[in-house]
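The following exercises concern strand pairing, helix packing and a chain contact. Each task is followed by a solution in steps.

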Amino acid sequence: MPPRRSLSAPSPHETEPFWLDPRKRSVLFQALVLGVVALIAWYLIANTVENLHRQKIATGFGFLRKEAAFEIGESVIRYSAADTYARALLVGALNTVKVAVIGIVLTVLLGTFIGIARLSSNWLIARLAAAYIEVMQDIPVLLQLFFWYALFYESLPGPRNALNPLTGVYLCNRGLIVPALDPHPAWRAIVLALVAAVAVVWVLRRWARRRQDRTGQTFPVFRVSLALIVGAPVLTWWTMGSPRAVTLPTLQGFNFVGGKTLSPEFTAVLLGLVLYTAAFVAEIVRAGIQAVSKGQREAAMALGLRPAQVLRLVILPQALRVIIPPLTSQMLNLTKNSSLAVAIGYPDFVSVANTTINQTGQSIEGVALIMVVYLFFSLSTSAFMNWYNKKAKLVER
Amino acid sequence: MNSREPSPLTPAVNPGDTLKPPVTAYGPVGWLRKNLFNSVPNSLLTVLTVAFLWKTVPPLLQWAFVDAQWATPSALCRQSDGACWSVISRNLRFILFGFYPYDQQWRPIVAVILLLGLIFFSRDRKYWTKPLAYAWIVGLAAMGTLMAGGVFGLSAVESSQWGGLPLTLLLAVFGLTAAYPLGVVLALGRQSRMPAVKVLCIVYIELIRGVPLISLLFMASIIFPLFLPEGVTINKILRAQLAIILFTAAYIAEVVRGGLQAIPRGQYEAAESLGLNYYLTMRLVVLPQALKIVIPPTVSILISAFKDTSLVVIIALYDVLKTTQTVLSNPEWMGFSREAYLFLALFYFTGCFSMSHYSRRLEKQLSTEH
């Protein structure tokens, strides 16, 4: 047998040129990519610095402490034009959160309803739901916002001829005016009671599950939880003297006094976002329900579970695993789309930041703030999603 | 018991005869019973829905068609109870072409027809060949030349004068064609084994997907000029186009990544054992399968990109939405927003619906399942 040269004997450095070694090639390629990116970044930054210097635009976030000197139409917290830019931006951020939170709750409710209607055995209902989904998904949300806003200021009468669909509820081109509850210490107590009830339910659930694992005995968690969550606030309301005084809005001069006014801008943004996003949520809900195969229900029934248990223990956990991830991304979409409010004058974060940019000329800082705020929303949502996915992941062999 | 003997309760049936089902189980009556009145709650629901439709649809039709004004001056419109479609028909040329010089508007018309023709021809998969790709390149170049002018005796038209339908279509078509390859590259980068490339792609994709498009458009319109050296300017349409491309690419990248992850490891290993290098593995084995799987989600990205072109209104580009609003701000046509916006809704709906319809058909054609 002729002596064979060992494969490792000649160093590859001597025989192979470096571009045939995948590891070296990869290092070289990465260095090249990073170099190009760094070069472009350096070029852009150098240009920007020079331009800012030449146009004498201030840099840094010092402007945040200056007086904003502009009014904001609606605000959750106290705000006046004498406050700082930082506070104005906070007002904008809170307005975004307000429209997003209310919008998400309404969207999930409406979307679930339409999604279930889409699967109805009633042909008419199913067709109507399908038409709603198809039409609403195919019209830009910005156009929908413009449409609802235009409907407000064009088609609705002034305050003097306001529509009055229910006692104390007025609809006019100044917005939607509803009765407001009079302040009473009971309201705060009710919120506290609700929070306490939720906490108790959480503890109860854990206890019930542990007991079932240990002894096999079940506990009617759902019914007790429902009783607690509904009962505690109602009981508090009753013991604190059951306040039910409300202020009805009344027309004085050219506008309404008393009651709570939802501005046309807020109502239009909310309406547009909810009706648009609900169409997507409906599709997600439908897909989730259909994703659970019929055999699952039949198997659960064969095990002797009651219909409520089949739904709670077998169907929902599987459907939710399919539903939750895209649903979260739709919620995020709604939050991001709320930035379109700037187009119809609702003072959300983008709108306030835009005014700030126009007044101070510090566009880079302004746009950076917008991006940071929305990135914060997105990253916290995806952190939640990753946590949920890990929790809900199918446990395989 | 003798089964041959006809029972007095059932009619005599010869073995060869087919017995018709009861009238309530087939035909229109059967359909109604099965689909609308199969239970008490469902019957109630049907009745309520029909009553609701009866109350709302006829007045709506009355408003939209019977009482409508189709091409009258605005003064007549204001006296009528119906819809005023005249706001569209009387301003159609402005809505469609914006501030494009009036006597030159045949050029955007030809450009749009060219584009629609290309799209029409690309529907059928039997034309998906190299010549079609060349036709697209030539067609898009011709569109650009027609719009901009300055050669072949066409007078030059500044891009600030472009507007309306051609602008919307231009932003959509160029945005999508440029974003798609970029998205595929980003997706491959995210799957790459090289850490630097992978991190760069992840940061880019997550950053872009985390912010609203409007912040990128703001960036394009107010910050981007600061990035360029003194004296160099890029026109506003191109900047908005860039923002749309960069935005859409991140979303396409995520969709394509889903497709790449769905390809079994064996495919990569088989390609490698055939001696294919990375580029050939991707081009011949992995991407053709991955991109096919993700056709439906890709189309929904394309649809949302088409809808998102309307956002350029906010940075004051004259797409169809902005030209319509310009018409509505004219005192003569103030107050007819409903009609104008409904018309636009119909326009966007037609575009998006035909795309999603087409994707469903394509999905069926490409399906290799038995």
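**Exercise 1: a sheet in chain A**

Strand 3 of chain A and strand 8 (residues 260–262) of chain A run antiparallel and are joined by three bridges. The model is predicted: local features need pLDDT of at least 70, side-chain atom pairs count only at pLDDT 80 or more, and totals for chains, interfaces and linings use all residues. Residues are numbered from 1 along each chain as its sequence is written, and chains are lettered from A and ligands numbered from 1 in the order in which they are written.

Task: determine the order of the strands in the open sheet of chain A, and establish which strands stand at the edges.

Solution.

Step 1. Strands (E, at least two residues) and helices (H or I, at least four) are DSSP runs numbered from the N terminus; two strands pair if DSSP finds at least two bridges between them.

Step 2. Between strand 3 of chain A and strand 8 of chain A, A:Leu176 has A:Leu262 as its bridge partner, and A:Ile177 has A:Thr261.

Step 3. Strand 2 (residues 169–172) of chain A pairs with strand 3 (residues 175–178) of chain A in the antiparallel sense over three bridges. Here A:Leu176 is the bridge partner of A:Leu171, and the two strands form a hairpin with two residues between them.

Step 4. Two bridges pair strand 1 of chain A with strand 2 of chain A, again in the antiparallel sense. A:Leu171 is the bridge partner of A:Leu163. This hairpin also has two residues between its strands, and A:Gly168 in the turn has a positive phi of about 85°.

Step 5. The result is an open sheet of four strands in the order 1-2-3-8, with antiparallel pairing. Strand 1 (163–166) and strand 8 of chain A are at the edges; each has a single partner strand, so one side of each is left without a neighbour in the sheet.

**Exercise 2: two helices of chain B**

Task: describe how helix 6 (residues 106–122) of chain B and helix 7 (residues 130–148) of chain B cross.

Solution.

Step 1. The axes, lines fitted to C-alpha atoms over the stretch in contact, with angles from 0 to 180 degrees between N-to-C directions, come within 9 Å and cross at roughly 165°.

Step 2. Helix 6 and helix 7 of chain B are therefore roughly antiparallel to each other, the term for angles over 145 degrees.

Step 3. Contact requires C-beta atoms, placed from the backbone, within 7 Å. The residues that meet include B:Leu114 and B:Leu118 in helix 6 of chain B, and B:Trp136 and B:Gly139 in helix 7 of chain B.

Step 4. The residues of this contact divide into 14 nonpolar, two polar and one charged. Ala, Val, Leu, Ile, Met, Phe, Trp, Tyr, Cys and Pro count as nonpolar, Asp, Glu, Lys and Arg as charged, and the others, Gly among them, as polar.

**Exercise 3: the contact of the chains**

Task: which helix of chain B supplies the largest share of the side that touches chain A?

Solution.

Step 1. The contact takes 45 residues from chain A and 40 residues from chain B.

Step 2. Helix 2 (40–66), helix 9 (195–210), helix 10 (213–227) and helix 16 (337–366) of chain B each supply at least two residues of that side.

Step 3. The largest share, nine residues, comes from helix 16 of chain B.

Key:
Two residues are in contact if their C-beta atoms, placed from the backbone, lie within 7 Å. Angles under 35 degrees count as roughly parallel, over 145 as roughly antiparallel, 65 to 115 as roughly perpendicular and the rest as oblique.
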